[in-house]
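This report considers how charged side chains pair within a protein chain and how its main pocket is lined. The sequence and structure are shown first.

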Amino acid sequence: MSANITPLANPKGVKKLCELCQKPAKLQCTRCLVTFYCNSDHQQTDWTSIHGKVCSLLVSIHTPAPFGTLQSDREHHHKETLKKQKHLVEIAHLESQRWVSKKRFQDVLPAALLFLRWATRVHGSSAVELVPAYLLLAQANIGLGSLSQAHEYLSKAEWTVMKTPGCSHTVLHQLHRTLGRLHAAMGKYTSALTHFANDVYYASEMFGLGSTVTSGGYFLMADVFLKQNKPDIAQSLYTEVANSWHTHLCKLMDGISQSSTHPEKCFDEAQCVEADQMLGCILEFEEQCVKPRPEQSAMLAHSLAMLWLLCNNYTKALEYGKKAEVLIQGLREQNRLRESIHNLLQYAGKQLE
């Protein structure tokens, strides 16, 4: 998988640098022959994070057009190479998001750095398409406690947005959400809440006030209010998040029941993990409240059951469905929720037979 390289054997003026730390390289990937590392630890880290997914693609990208081909053939080769480069950017983006959702922040870094490097090649060094890479690198460094490094990446993201007139609301909401995370980690709760409020504004303009995307900003605001010892405000925000997700998941489930077909996977792995963490956190909060609200806990457990059913994990769907069934017992005027839980348990049970 790797071979030693001798720096003195490089062509004059050419330096092989480590993919991760940019120090002089001593090893070369023997599969793609275009990626270099300073030691075996960095090679293994990169392989786990992203290189294992893109090694063969890198070979294809670096393959030159055959010598002596026509101009039209060279132009076609260039277009195909650009498509592959964009595909590489997409893979690195998705892998970075997946590692962030799993809170494996050390694994985020190689994938996000590759994302940034190739996005720069494809779009240019000042393009707004680089902002998602800066934000992922910032999130990873916040998770690792490297707040000064996170601040540096966010400064680059802010500067890029400032230089981009008419920047999309999607980018602006993502920027403010990450800035809010940084300020919350720094203990600057007032400015964190301001950024999360801006996040909610831009997300609602793009996706709607009741969107699950917008609810992510409410969830982060609630976390800040808990740190400020304001559980009542946090609970009201958690309720908004829970209602948004329950409404969204019920609509998806209605679509399945009406079509009477096997559900397609509605969420990718990163989305499923993030939603599970969010709803699970709110459910735990509700269960620990001085004045528990069993109807709210039942709705959250039902949401988690629907989420995992839509992710085709019927074991977890049954687990949360049974929990919702226990919580709903003894409650009046919850016939529709009780029926939904019963139908879900039946469906999930059949899938496991």
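Which residue's side chain meets that of Glu-95 in a salt bridge? In this predicted model, the partner is Arg-98, with an N to O distance of 2.8 Å. Both residues belong to helix H2, and because they are 3 residues apart, about one helical turn separates them. Glu-95 is buried, its relative accessible area being 10%. Arg-98 is likewise buried, at 15%. The pair also belongs to a network of salt bridges that links Lys-53, Glu-95, Arg-98, Lys-102 and Glu-269.

**The chain as a whole**

The protein chain comprises 13 helices and 3 strands. Along the principal axes, its C-alpha atoms fill a box of roughly 80 × 50 × 40 Å. Of its 353 residues, 45% count as buried. Among contacts with a separation of 6 or more, 59% are between residues 24 or more positions apart.

**Salt bridges**

A search of the whole structure yields 11 salt bridges. As a general point, side chains of opposite charge can pair when their charged atoms come close. Three of the pairs are set out below.

| Residue pair | Closest N to O distance |
|---|---|
| Glu-95 and Arg-98 | 2.8 Å |
| Arg-104 and Asp-107 | 2.8 Å |
| Asp-199 and Arg-177 | 2.7 Å |

In the pair formed by Arg-104 and Asp-107, the two residues fall into separate accessibility classes: Arg-104 counts as partly exposed at 38% relative accessibility, whereas Asp-107 is buried with a relative accessible area of 12%.

The salt bridge between Asp-199 and Arg-177 has its closest N and O atoms 2.7 Å apart. Asp-199 lies in helix H7 and Arg-177 in helix H6, so this pair ties together parts that are 22 residues apart in sequence. Asp-199 is buried, with a relative accessible area of 0%, and Arg-177 is buried at 12%.

**A buried acid without a salt bridge**

Asp-46 is located in helix H1, which spans residues 40–62. What is the nearest side chain of opposite charge to Asp-46, and how far away is that side chain? The side chain in question is Arg-117, 6.9 Å away. A salt bridge requires a side-chain nitrogen of Lys or Arg within 4 Å of a carboxyl oxygen of Asp or Glu; Asp-46 has none, although the residue is buried. Apart from neighbours within four places in sequence, the contacts of Asp-46 are Glu-19, Leu-20, Thr-35, Tyr-37, His-51, Gly-52 and Pro-110.

**The largest pocket**

The volume of the largest pocket is about 1500 Å³. Its lining consists of 43 residues, and those closest to the pocket centre are Val-100, Gln-139, Arg-177, Arg-181 and Glu-274. Arg-177, one of these residues, is also the salt-bridge partner of Asp-199.

Which helices each supply at least two residues of this lining? They are helix H2 (71–101), helix H4 (131–143), helix H6 (169–185), helix H7 (189–207), helix H8 (212–227), helix H9 (231–259) and helix H10 (269–288). Helices H6 and H7, which are among these contributors, hold Arg-177 and Asp-199 respectively. By class, the lining has 22 nonpolar, 14 polar and 7 charged residues.

Key: Residues numbered from 1 in each chain as written. Predicted model: local features only at pLDDT ≥ 70, side-chain atom pairs only at ≥ 80, totals over all residues. Heavy atoms only, no water. 1 Å grid on protein atoms, 1.4 Å probe; cavity = no way out; pocket = protein on both sides within 12 Å on 5 of 7 lines; lining within 4 Å. Points joined across faces, edges and corners; volume = space filled by probe spheres on them. Helix = DSSP H or I, 4+ residues; strand = E, 2+ residues; numbered from the N terminus. Nonpolar A, V, L, I, M, F, W, Y, C, P; charged D, E, K, R; others polar. Buried < 20%, exposed > 50% of the residue type's maximum accessible area, 1.4 Å probe, protein only. Lys, Arg positive; Asp, Glu negative; His and termini not counted. Contact = heavy atoms within 4.5 Å.
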